[in-house]
Amino acid sequence: MASFAAQTLFILFFTLFSAFFIKINGEFSRQSINMSTKRMEKVTRLRFYFHDIVDGKHPTAMQIIRLPNKRATSFGTTFMVDDPLTEKPKPTSKLVGRAQGIYAFASQNDFGLLMVMNFAFSEGIYNGSAISILGRNAVLDAVREMPIVGGSGIFRFARGYALAKTVWLTVVHL
C-alpha cells in the first residue's frame with residue numbers, strides 16, 4: 001500500500017513539475033517525446049518572430065551583392081543578416097535569439113530566396129543552441145516550408161522543417 005502511495009505522489013509530482021516546466025517556456029516552445037518510432041525521438045516546436053530590417057537607422061540585413069542589371073525579381077541580390085528573433089510579433093517584445101546568415105534572390109521568375117540561416121537561441125534551455133536552415137523561401141506564398149538540416153547544442157543532429165508566414169511586410173526597392 002505504501003508503495004502505491006509513493007508511486008501516486010511521484011506521478012502527481014512529475015505531472016505538476018511538467019506542467020510548471022512547460023509554463024516556464026511560455027509561448028516560445030513546447031516539447032514532446034515521440035515513442036511511436038523504433039527509437040525515442042524528442043520533438044520540439046518553436047514559435048518566434050523574425051524581424052528583417054533592410055533600411056532605416058539600424059538595419060539588421062545588409063545588401064552585400066547587387067547586380068548592375070535591374071530585374072523585376074532582383075535575381076542575384078544577396079544579403080547578410082543578423083536579425084532579432086522575438087517571442088511576439090512586436091520588435092520590442094522579448095528577444096529569444098538571432099537569425100544569422102545569408103539569403104539571396106535565387107529565382108529569375110519570381111521572388112524565391114535561397115536561405116542559408118542559423119537561428120541561434122539565447123533564451124532558457126535553448127541558450128547557446130542553434131538550428132540550421134538551408135532551402136527555398138518563396139516569400140510571396142502564404143506559408144513557406146524550409147528544411148532544417150542540422151543544429152548545435154540541444155539541437156545537435158536536428159532534422160525537420162520550418163514553416164514561415166509573413167505577419168507584415170513593407171516593400172523596399174532594392
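Colleague: How many of the nine residues of β5 are buried?

Modeller: In this predicted model, strand β5 is mostly covered, with seven of its nine residues counted as buried. A strand is read together with its partners, and β5 has several to consider. Strand β3, residues 49-50, is joined to β5 by two bridges, and the two run antiparallel. Within that pairing, F50 has L85 as its bridge partner in β5.

Colleague: Over how many bridges do β4 and β5 pair?

Modeller: Strand β4, residues 61-65, pairs with β5 over four bridges in the antiparallel sense. One position to locate on the model is Q63, which stands opposite F79 of β5.

Colleague: In what sense do β5 and β6 run?

Modeller: They run antiparallel, and nine bridges join β5 to β6. Here M80 has I102 in β6 as its bridge partner.

Colleague: How should I place these strands within the whole chain? What is its secondary structure?

Modeller: The chain has one helix and ten strands. Read from the N terminus, the order of elements is α-β-β-β-β-β-β-β-β-β-β. As for covering, 29% of the 174 residues of the chain count as buried. The exposed surface of the chain is about 12,100 Å², of which carbon and sulfur atoms supply 62%.

Colleague: What share of the contacts links residues 24 or more positions apart?

Modeller: Among contacts in the chain with a separation of 6 or more, 39% are between residues 24 or more positions apart.

Colleague: How is a nonpolar core to be read, and which residues touch the most other members of the largest one?

Modeller: The general idea is that in soluble globular proteins, nonpolar side chains tend to be buried together. In this chain, the largest nonpolar core has 22 residues, and Y103, M117, F119 and F121 touch the most other members. At least two residues of this core come from each of β5 (78-86), β6 (95-105), β7 (112-121), β8 (130-138), β9 (143-152) and β10 (160-165). Strand β7 gives the largest share, five residues.

Colleague: How many residues lie between β8 and β9 in their hairpin?

Modeller: The hairpin of β8 and β9 has four residues between the two strands. These strands run antiparallel and are joined by four bridges. For example, A130 has S152 in β9 as its bridge partner.

Colleague: How many bridges join β9 to β10?

Modeller: Six bridges join β9 to β10, and this pair also runs antiparallel. In this pairing, E145 stands opposite L163 of β10.

Colleague: Let us turn to the loops. Is S93, in the loop between β5 and β6, buried or exposed?

Modeller: The test is whether the relative accessible area is under 20%. S93 has a value of 17%, and therefore counts as buried.

Colleague: Which backbone oxygens does the side chain of S93 reach?

Modeller: The side chain of S93 reaches the backbone oxygen of K88 at 3.0 Å and that of K90 at 2.8 Å. Apart from neighbours within four places in sequence, S93 is in contact with T86, E87 and K88.

Colleague: What is the relative accessibility of S107, in the loop between β6 and β7?

Modeller: The relative accessibility of S107 is 11%, so this residue counts as buried. Its side chain makes a polar contact with the side chain of D110, at 2.7 Å. A polar atom of the S107 side chain also lies 3.1 Å from the backbone nitrogen of N109.

Colleague: Which residues is S107 in contact with, leaving aside neighbours within four places in sequence?

Modeller: They are T73, F75, G112 and R136. The case of R136 shows how sequence and space are read together: S107 and R136 are 29 residues apart in sequence, and their C-alpha atoms are 9.6 Å apart in space.

Colleague: How should confidence be read, and what is the mean pLDDT of the chain?

Modeller: The general rule is that where pLDDT is low, the predicted coordinates should not be read in detail. For this chain the mean pLDDT is 80, and 72% of the residues reach 70 or more. Residues 1-25, however, have a pLDDT below 50, and beyond near neighbours in sequence this stretch has three contacts in the model.

Technical notes:
Residues are numbered from 1 along each chain as its sequence is written. Side-chain values use heavy atoms; hydrogens and water are left out. Buried means under 20% relative accessible area, exposed over 50%, partly exposed in between (1.4 Å probe, protein chains only). Contact means heavy atoms within 4.5 Å. Accessible areas come from the Shrake-Rupley method with a 1.4 Å probe; for residues, only the protein chains shown count as cover. pLDDT is the predictor's confidence in each residue, from 0 to 100. A nonpolar core is a set of buried Ala, Val, Leu, Ile, Met, Phe, Trp, Tyr and Cys residues joined through side-chain atoms within 4.5 Å. A polar contact is a pair of N or O atoms within 3.5 Å; within protein, one must be able to donate a hydrogen and the other to accept it, and residues adjacent in sequence count only if both atoms are side-chain atoms. Two strands pair if DSSP finds at least two bridges between them.
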